[in-house]
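Me: Before we go through this structure, I would like each label set against the rule behind it. Could you take my questions in turn?

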Amino acid sequence: MVQNMQTKRLFERIDSIKLKGVTKKYDSVYAVKDLDLEIYGGELLILIGPSGSGKTTTLRMINRMIEQDSGSVTINDIDTKDVDPVRLRRNIGYVIQNIGLFPHMTIGENIGLVPKIEGWNKKEIKYKVKELLAFVSLSPDMFMDRYPKQLSGGQQQRVGLARAMAMDPPLFLMDEPFGALDPILRKQLQKEFLKVKSEINRTIVFVTHDIEEALILGDRIAIMDQAELVQVGAPEELIFNPANEMVADIVDNQRKFKHMDTLKVKDLMSQYDDEYTFEASMKSFDAIEEMTKRDLENAFVFDGHELLGQITMVNLMKCRLSDKRIMDVAGPVKVFHPYDSVAFALSELKRSGETLGLVINSKRPVGILVSDEVLLKLI
Ligand code: ADP
Ligand code: MG
């Protein structure tokens, strides 16, 4: 039966999205001019820039809501021109500021709309709706049968996110999703979103004009100005090496980061706690239990005073059923001195792909440097 035919996915996951020489003009005015940009699979890429700089146009050329005049957009090396646009958009979640929930449909019906169109049965839809509502921290029983106007702006925004996630697309395009919210709620949603982001592990292109939001959420940030890409890089690259005055201005280089070079690791590290120390001979199975109890994602393996490496919950889970000693599964750890410069430490972490370093003084652990936290403390 046609009804039960589920459309096959175009892509299960994103390896890369490449925009090459992409241009869009309205009359003689460029909305986007000769844009070259690669978005990596699994990253959250921020598009930021002044109003009218071409962010929304760029985003919409990725899912073909807008067709470019010239240049190409490829997803996993498939030219989007060769794909039916409706099918393409089914594989891409799209979230905007005023999410446009259907007012005459309940929250449950709104979230379950696309699964319904795709021919899921009632039970499957209900299960998915409940799961998604819980995921965006809205009690399913309380909210499922309400109508959009009975919800606050922030709650509606979460429903919009849940709806976009219903088909579990590997790619999300988000256009100022928190733009209309008051600052406190926005902060709260950003925090929740950061958690969600690492859990769902999807590729996300996220438009904002708020640099704080960009620094908090972005793996990389692309800065646009007057239809052109000015610079793209990790937050710390933009902060330490702005391409021009405009970028420096946006990341507020002048005011907030003036004394960056003089900041030391000790100024921004978190205090070390003996709870983070695990003995080398411990079995990995016991370590999981202990880390769960202490609510830790990372811990450090010591043999007496000798540091052997770090363990993470994720890695331990992988060898869950083994009774290996943690010294045999520990991975390398970046070590810093309290008087290393923060700029140096951040770029070292970045280069090794780590987000966390251990600060050691006179052979004793004294602190932990978490790159995301450092950036948050700076803004
Ligand atoms: P942003 O999202 O960065 O604010 P947009 O991508 O929406 O910017 O717009 C970029 C430029 O293109 C702006 O100058 C805007 O006025 C122009 N533009 C966008 N859409 C249209 C349209 N449909 N017709 C004419 N001009 C447009
Ligand atoms: Mg816009």
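Me: What makes the approach of ligand 1 to the side chain of Thr56 a polar contact?

Reply: An oxygen atom of ligand 1 is 2.8 Å from an N or O atom in the side chain of Thr56, and a polar contact is a pair of N or O atoms within 3.5 Å, so this pair qualifies. An oxygen of the ligand is also 2.5 Å from an N or O atom in the side chain of Thr57, and one is 3.0 Å from a polar backbone atom of Gly54. Of the 560 Å² of accessible area that ligand 1 has on its own, the protein covers 57% (Shrake-Rupley method, 1.4 Å probe). The model is predicted: local features need pLDDT of at least 70, side-chain atom pairs count only at pLDDT 80 or more, and totals for chains, interfaces and linings use all residues. Residues are numbered from 1 along each chain as its sequence is written, chains are lettered from A and ligands numbered from 1 in the order in which they are written, and side-chain values use heavy atoms, with hydrogens and water left out.

Me: Which residues surround ligand 1, and which helix gives the most to that shell?

Reply: The ligand is surrounded by residues including Tyr26, Pro50, Lys55, Thr56 and Thr57, where near means that a heavy atom of the residue lies within 4 Å. Helix α1 (residues 55–62) gives the most, with three residues; helices here are DSSP runs of H or I with at least four residues, and strands are runs of E with at least two.

Me: Why is strand β9 described as largely enclosed by the rest of the structure?

Reply: Five of the six residues of β9 (residues 220–225) are buried, so the description follows; buried means under 20% relative accessible area, exposed over 50%, and partly exposed in between, with a 1.4 Å probe and protein chains only.

Me: How do you know that β9 pairs with β3 and with β10?

Reply: Pairing requires at least two DSSP bridges between the strands. Strand β3 (residues 44–48) meets β9 in the parallel sense over four bridges, whereas five bridges join β9 to the antiparallel strand β10 (residues 228–233), so both count as paired.

Me: Why is Glu176 called buried, and Asp295 exposed?

Reply: Glu176, in the loop between β7 and α8, has 14% relative accessibility and therefore counts as buried. Asp295, in the loop between α14 and β13, has a relative accessible area of 69% and is therefore exposed.

How values were computed
A polar contact is a pair of N or O atoms within 3.5 Å; within protein, one must be able to donate a hydrogen and the other to accept it, and residues adjacent in sequence count only if both atoms are side-chain atoms.
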